[in-house]
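Let's take a tour of a protein model, looking at one helix, one pocket and a few charged pairs. Have the structure open as you read.

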Amino acid sequence: MASLWLLLVSFMETPPPPAAPAFREALRYWIKLGFISFGGPAGQIALMHKELVEKRRWISESHFLHALNFCMLLPGPEAQQLATYLGWRLHGAKGGLAAGVLFVLPSMFILYALSWVYLVGAEVPWLQAIFHGLLPAVIAIIASALLRIGRKALKSNALWCIAALSFMAIFFFKISFVYIIFAAAFVGWIGNRLAPNQFPAGGSHGAAQLAEEANFVVLPLPVKASWTRTLRLSLTCLACWWLPVIALITWLGWESTQAQQGIFFSKAALVTFGGAYAVLPYVAQQAVEHHEWLTHAQMMSGLALAETTPGPLIMVLQFVGFIGGWQHPGILTPAWSATLSALITTWVTFVPCFLFVFLGAPHVEHLRRQPRLAAALTTITAAVVGVILNLGVQFTQHALWPARTGAGWGSMDIFVAVLAIAALIAMERFKIGLLPVIGACALLGLLAHWVVP
């Protein structure tokens with residue numbers, strides 16, 4: 001009798017599940033999210049969790065975490081892919097498209113405007129001073145990301161060795177980021193079987209307390225995977241992905257900036273495991289050193305600008321495309337070339353994300369029971385630590401010794417060195433947010449220009 005009474009009380013205290021949201025209601029939320037998704041992937045995921053799980057109860061805790069683990073297995077920006085998957089789970093393909101596109105769209109327009117200001121105002125002294133102040137902020141941001149990812153990823157001696165080997169491979173031997181990623185995945189896959197303690201499967205979310213499914217929206221049954229669905233979806237997405245690239249090759253020629261960017265960033269979209277900081281060294285290695293679309297200093301400015309906009313940090317690739325198109329216009333005017341480059345770069349960066357999510361979404365429950373896949377991802381993340389360290393070293397060298405030549409280092413920029421250390425201390429020791437640090441560095445750059453013209 002007592003147990004029956006307790007069951008009745010718990011049932012009375014349990015809030016009833018909310019009604020499933022209409023597509024229009026979900027659309028309003030995805031629009032809002034696109035404008036407020038600051039803070040990088042961690043902040044964006046936290047925003048979605050607070051709103052969709054805690055407040056609206058559209059998605060259960062366990063389902064949210066399973067979806068997050070799935071998105072972390074995919075190349076591309078995990079927060080944008082998580083939004084795409086959750087939109088798909090709520091309203092099918094149209095929901096996934098709406099959530100994924102609206103997550104990116106505001107930042108696309110904002111960064112386009114900032115890129116234009118950056119180039120048009122390149123000769124304006126006070127703008128140059130602001131961007132000079134952003135250099136130490138970028139160094140501190142990369143160092144903070146390195147510490148954050150390193151603490152999370154390097155859980156064993158073997159993973160420390162993977163990170164060190166990754167750094168040496170890309171820094172000393174200039175081995176492509178792509179080869180490093182595939183090698184790390186292979187080592188993690190085999191290592192989990194031979195030495196699971198050294199190559200753990202991760203899954204830190206598995207210990208999280210599962211929420212009662214009855215407290216959340218009752219979701220419709222997901223679409224079942226089939227060969228017909230896979231073929232139809234693959235053909236549709238691949239056509240959307242590659243037809244614009246083929247059109248540019250036909251119109252402007254294989255050697256045009258836009259055609260080369262379409263091909264290069266399509267390849268980059270396939271290897272962006274670990275987020276934007278993982279792919280940036282690959283982009284710097286190819287876009288800066290091989291294609292010479294922009295300089296290291298311009299790349300650092302683009303990263304700072306991307307950090308100040310909502311949406312995924314990987315939008316920095318749009319800045320790279322824009323600058324490359326402006327500085328290598330070919331038969332087009334610089335403005336039109338830059339616009340076309342920004343569009344094709346953004347297009348080939350994000351269209352593959354929809355293909356990966358829609359293809360894998362029906363398999364979410366199955367994938368979470370594959371420890372060797374998770375171990376491969378863990379090892380990739382360890383390799384990414386070494387790759388990010390290489391990025392930080394290269395950017396720091398170019399920021400501290402801007403006049404460096406093959407014959408010598410030149411004089412050090414003391415302003416950048418001191419402000420970078422201060423910015424890192426502010427973020428790590430005093431937990432000051434990213435945007436205030438960037439704003440303060442920009443302001444100090446401007447003040448330094450006025451004091452020492």
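## A helix tucked inside

Keep in mind that this is a predicted model. Start with helix H10, whose buried residues pack against helix H9 (227-252), helix H11 (276-290), helix H13 (316-327) and helix H14 (334-360). Among the buried residues of H10 are Thr257, Gln258, Ile263, Phe264 and Phe265. In fact, 12 of the 13 residues of H10 are buried, so this helix is largely enclosed by the rest of the structure.

Does the length of H10 add up, and what should it span? Its 13 residues, 257-269, should cover 18 Å at 1.5 Å a residue, and the C-alpha atoms at its ends are 18 Å apart, which agrees.

## The second largest pocket

Now look for some empty space. The second largest pocket holds about 600 Å³. Helix H5 (78-120), H9 and H14 are the elements that each give two or more residues to its lining, and H5 has the largest share with nine residues.

In total, 23 residues line this pocket, and Leu97, Cys237, Val351, Phe354 and Phe358 are the ones nearest its centre. What kinds of residues make up the lining? There are 17 nonpolar, four polar and two charged residues.

## A little network of charges

Side chains of opposite charge can pair when their charged atoms come close. The model has three salt bridges by the rule used here, and Glu51, Lys55 and Arg56 are linked in a network of them. Arg56 pairs with Glu51, their closest N and O atoms being 2.7 Å apart, while the side chains of Lys55 and Glu51 meet at 3.8 Å, N to O.

Lys55 and Glu51 both sit in helix H3 (residues 40-55), four residues apart, or about one turn of the helix. An α-helix has 3.6 residues a turn, so residues three or four places apart point the same way.

Which members of the network are buried, and which are exposed? Glu51 has 10% relative accessibility, so it counts as buried, because the cut-off for buried is under 20%. Lys55 is exposed, with a relative accessible area of 60%, and Arg56 is partly exposed at 23%.

## A long-range link

One more salt bridge joins Glu428 to Arg151, with the closest N and O atoms 3.1 Å apart. Glu428 lies in helix H17 (residues 414-428) and Arg151 in helix H6 (residues 125-153), so this pair ties together parts that are 277 residues apart in sequence. Arg151 counts as exposed, at 57% relative accessibility.

Technical notes:
Residues numbered from 1 in each chain as written. Predicted model: local features only at pLDDT ≥ 70, side-chain atom pairs only at ≥ 80, totals over all residues. Heavy atoms only, no water. Expected span 1.5 Å × (residues − 1). Buried < 20%, exposed > 50% of the residue type's maximum accessible area, 1.4 Å probe, protein only. Contact = heavy atoms within 4.5 Å. 1 Å grid on protein atoms, 1.4 Å probe; cavity = no way out; pocket = protein on both sides within 12 Å on 5 of 7 lines; lining within 4 Å. Points joined across faces, edges and corners; volume = space filled by probe spheres on them. Nonpolar A, V, L, I, M, F, W, Y, C, P; charged D, E, K, R; others polar. Salt bridge = Lys/Arg side-chain N within 4 Å of Asp/Glu carboxyl O.
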